[in-house]
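The exercises that follow are meant to be worked with the sequence and the coordinates side by side. Each one sets a task and then solves it step by step.

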Amino acid sequence: MQNFLVAALALATLTWADCGDDVLPAVTTTPVVSTAASSIATTAAALPTVTTTIATTTSAVATSPTVAYTWANVNIGGGGFVPGITFSKLQQDLIYSRTDIGGCYRWNKASGLWVQLMNWVSADDWSNLGVDSMVPDPVDVNRVYIMVGTYTNSWSKTNGFVYRSDDQGATWPVKTALPFKNGGNMPGRGMGERIAVDPNNNNIVYLGARSGNGLWKSTNAGVSFSQVSQFPVVGSYVEDPSNDYQSDKVGIVWTIFDESTGTKGVGSSTIYVGAAENNVSSIYVSYDSGASWEALAGQPIGFLPKRAKLVNKILYVTYANDCGPYVGTAGDVWKYDTGTATWTLISPVTSAPYGYGGLSIDAQNPNVIMVAAVNLWWPDGEIFRSTDGGASWSAIWSWGNYPDRNLRYTWDTSVLPWANLGEPEAPPVPAYKVGWMMDSLEIDPFDSNKFLYGTGLSLYGSTDLLNWDDTNKTVTLKSMVLGQEETAVQDLAAPPSGPLLYSSLGDVGGFAHTSLTDVPSSVMTNPIFGSGSSVDYAELAPQFVARTGTLGGSSTIHIGFSNNSGTSWVQAATEPSGAASGVVAVSADGLTTLWAPAGTASGVFYSADFGATWNQSGTIPTGAAVASDRVQASAFYAFSAGTAYYSSDSGATFTAGASGLNSTTYSTRPLKAVPGAAGHVWLATGAGLYKSVDGAKSFTDLGVTAVSFGFGVKSASGSYSSAVYISGTVGSVSGFFRSDDGGSSWIRINDDAHQYGNTNIAIDGDKNVYGRVFIGTNGLGVVYGTSA
């Protein structure tokens, strides 16, 4: 289930986000400058220890960015849920899309790529990369709104915001603080849109809140909002009251203005609002510009109104019995004639075992309707099309003689060849799926031959949609996601030879990247991981690689090995009882693998026969962070609960080294050894960055704070064996920094336009190109910076 793991990871670690790409043009964005006045703005067992004094603190030098860097994404292509797509009705090819943890995008027709609009989001404001709603202004072609904030749960302390751009997302000069949280990665995030702008008076903006906060209204183009106190419901549906992530009220999910009513410059008099209610009326209407509200007469009750469109006085609504995007076992499609006040059931399949989500009406031919089954997981997702107003439907696939299926589509997989996630064709299940979690589907209002739809993995579509209506032709589906990077990075490793980079990624496993600009041809397989958790190579024999992750496909072991630089893989023959994912470290010569597994396994384990057998390491806590010395083949290191450990017998036993260190860590690898420097080990904690030159027996506090760090090839004039890169704070400045002298001084290498949200999980430096650094984000993929 794409992004379900991301949500789980966020629950556990509250990691952040990023974006960029070398082949993809960087977007120069200006961070929010001001917030106009708003009526609501506020703005293990006892272990032997060696007590070691942490050595003297060196004086770190913080400077302005004096080294110019260019920033871009490693081109992967999507990798996450796209819950919302919106076409401007004022300008052809002006298209926006939003993601649940990875910001929002605008389509660039000239380049054929999506442009990220939120690279400026800082680490402190990582939550703003969850976009709960995004809409273009129906009057002003340059104006667009986003409603941001990732989580509403008790463990999230951050309230949401509304941002407004007046230049199609290039800058966001208006930032309005809300007195409640938004939920860009919460249940029901594919419902919507929660923001709506009155086409008769674009100063009027409605906002549907979560958590029982009701309906809100702005009369000054989003500068301030006030609650619509007379609105009768709050959207009280809760997906699962026993689960913290699912126990929040989903809230008010969409608003639609009837443009044919009211007066230009004054506002629309008829307004429809959908709420997440399934036991009472869920759709309400006002005929007096919001002064009073009533339940829409005769409406169906029992399902949630996921999406709605009003075209030629007909209101179309898709319904499901769950807010989604993962769950939904029933649903319907209805249309309501506002002139005759009659409801008509037009479901493509009645009593279907799934809910309906994505909905679009062809602006060129209003008799054409398309809807998507949002929660059909087997054998594939389903999309339906009607050319007679819903009287009859055709499906993008239908059953033939089992397991055969009749397809109205073919796949062009050239854009995103890895989208099969390494799985072969297994009829009736296709290798390349139409999709899942299809909450957003839109026909281009200027071109009936083009449509886009979001899935849990990518953004797909077609430019020959009208072929659907000819039984002798097929629609060509292809990924249209390039420029969007939404993976949640768990680990990175840049070897001195072989691929340029290995990545372990949430939801899609990971890749051996032989190019930074070309989309990978395949995920790493055998084993196939639903989510990768770690990857490491042997420093002195870099063709040997090990990786760990959660199981996907038919894989049965949580660790795999490659002896040819990731060209092919083999899963280990065995694994410790109860082992799952976790973190792996490979000895410098590749002959020993040390594994700190997750799951119910108790302890840390080592193998000298590539996973044929495993032995428990002695005197080291379960779940410790582990690392290998990059020179000495028998040396390993570990860190747990403020104490560092070292091993000189290939991980068989560990001895406690420095203690009294801060115990808070964020990165997958808070402990790393330095290439080419035996016994040099660095540690990043929530309170500082520490350096050891005696194999973890003692550490020096470097006087800076780093949440993640990595090593790259040194400069010709560098005084240390590696260039060191951190995401952290030097002095009072937060950002990305590089040190060429072992941490004595630092220089900032990014600027405020390139912050990428949460970057506390994984960083590694290029081992061949000085100045190049790879940075993992939580929702913006892998970004890399190159010294200009």
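**Exercise 1. Characterise the contact between the side chains of Arg669 and Asp491.**

Solution. The side chains of Arg669 and Asp491 meet in a salt bridge, with 2.9 Å from N to O, where the term requires a side-chain nitrogen of Lys or Arg within 4 Å of a carboxyl oxygen of Asp or Glu. The next step is to place the partners: Arg669 lies in the loop between β47 (655–656) and β48 (671–673), whereas Asp491 belongs to strand β33 (residues 488–493), so the pair ties together parts that are 178 residues apart in sequence. Strands here are DSSP runs of E with at least two residues, numbered from the N terminus. Finally, both Arg669 and Asp491 are buried, a class that means under 20% relative accessible area, with exposed meaning over 50% and partly exposed in between (1.4 Å probe, protein chains only).

Before going on, note that this is a predicted model, in which local features need pLDDT of at least 70 and side-chain atom pairs count only at pLDDT 80 or more, while totals for chains, interfaces and linings use all residues. Residues are numbered from 1 along each chain as its sequence is written, and side-chain values use heavy atoms, with hydrogens and water left out.

**Exercise 2. How many salt bridges does the structure hold, and which parts does the pair Asp100 and Arg189 tie together?**

Solution. The structure holds 21 salt bridges. In one of them the side chains of Asp100 and Arg189 meet at 3.0 Å, N to O. Asp100 lies in the loop between β3 (95–98) and β4 (104–108), and Arg189 in the loop between β9 (174–177) and β10 (195–197), so parts that are 89 residues apart in sequence are tied together by the pair. As to burial, Asp100 has a relative accessible area of 0% and is buried, and Arg189 also counts as buried, at 0% relative accessibility. A further salt bridge joins Arg164 to Asp166, with the closest N and O atoms 3.1 Å apart; here Arg164 is buried at 10%, whereas Asp166 counts as partly exposed at 30%.

**Exercise 3. Is strand β24 enclosed or open, and which strands pair with β24?**

Solution. Begin with burial: five of the five residues of strand β24 (residues 382–386) are buried, so the strand is largely enclosed by the rest of the structure. Taking the two faces in turn, Glu382, Phe384 and Ser386 are buried on one side, and Ile383 and Arg385 are buried on the other. For the pairing, which requires that DSSP finds at least two bridges between two strands, strand β23 (residues 369–373) and β24 run antiparallel over five bridges, with Met370 opposite Arg385. Strand β25 (residues 394–395) is joined to β24 by two bridges, again in the antiparallel sense, and Ala395 in β25 is the bridge partner of Phe384.

**Exercise 4. Give the strand order of the open sheet that contains β52, and identify its edges.**

Solution. The open sheet has four strands in the order β52-β53-β54-β55, with antiparallel pairing. Its edges are β52 (705–713) and β55 (747–748), each with a single partner strand, so one side of each is left without a neighbour in the sheet. At one edge, strand β54 (residues 733–739) and β55 are joined by two bridges, and the bridge partner of Arg738 is Ile747 in β55.

**Exercise 5. Describe the geometry and the surroundings of the aromatic pair Phe544 and Phe610.**

Solution. A search of the whole structure finds 36 aromatic pairs, counted when ring centres of Phe, Tyr or Trp (its six-membered ring) lie within 6.5 Å, with planes under 30 degrees apart classed as stacked, over 60 as edge-to-face and the rest as tilted. Phe544 and Phe610 form a tilted pair, 5.4 Å centre to centre, with 55 degrees between the planes. Phe544 lies in strand β37 (residues 541–551) and Phe610 in the loop between β42 (605–607) and β43 (615–616), so the pair ties together parts that are 66 residues apart in sequence. Phe544 counts as buried at 6% relative accessibility, whereas Phe610 is partly exposed at 40%.
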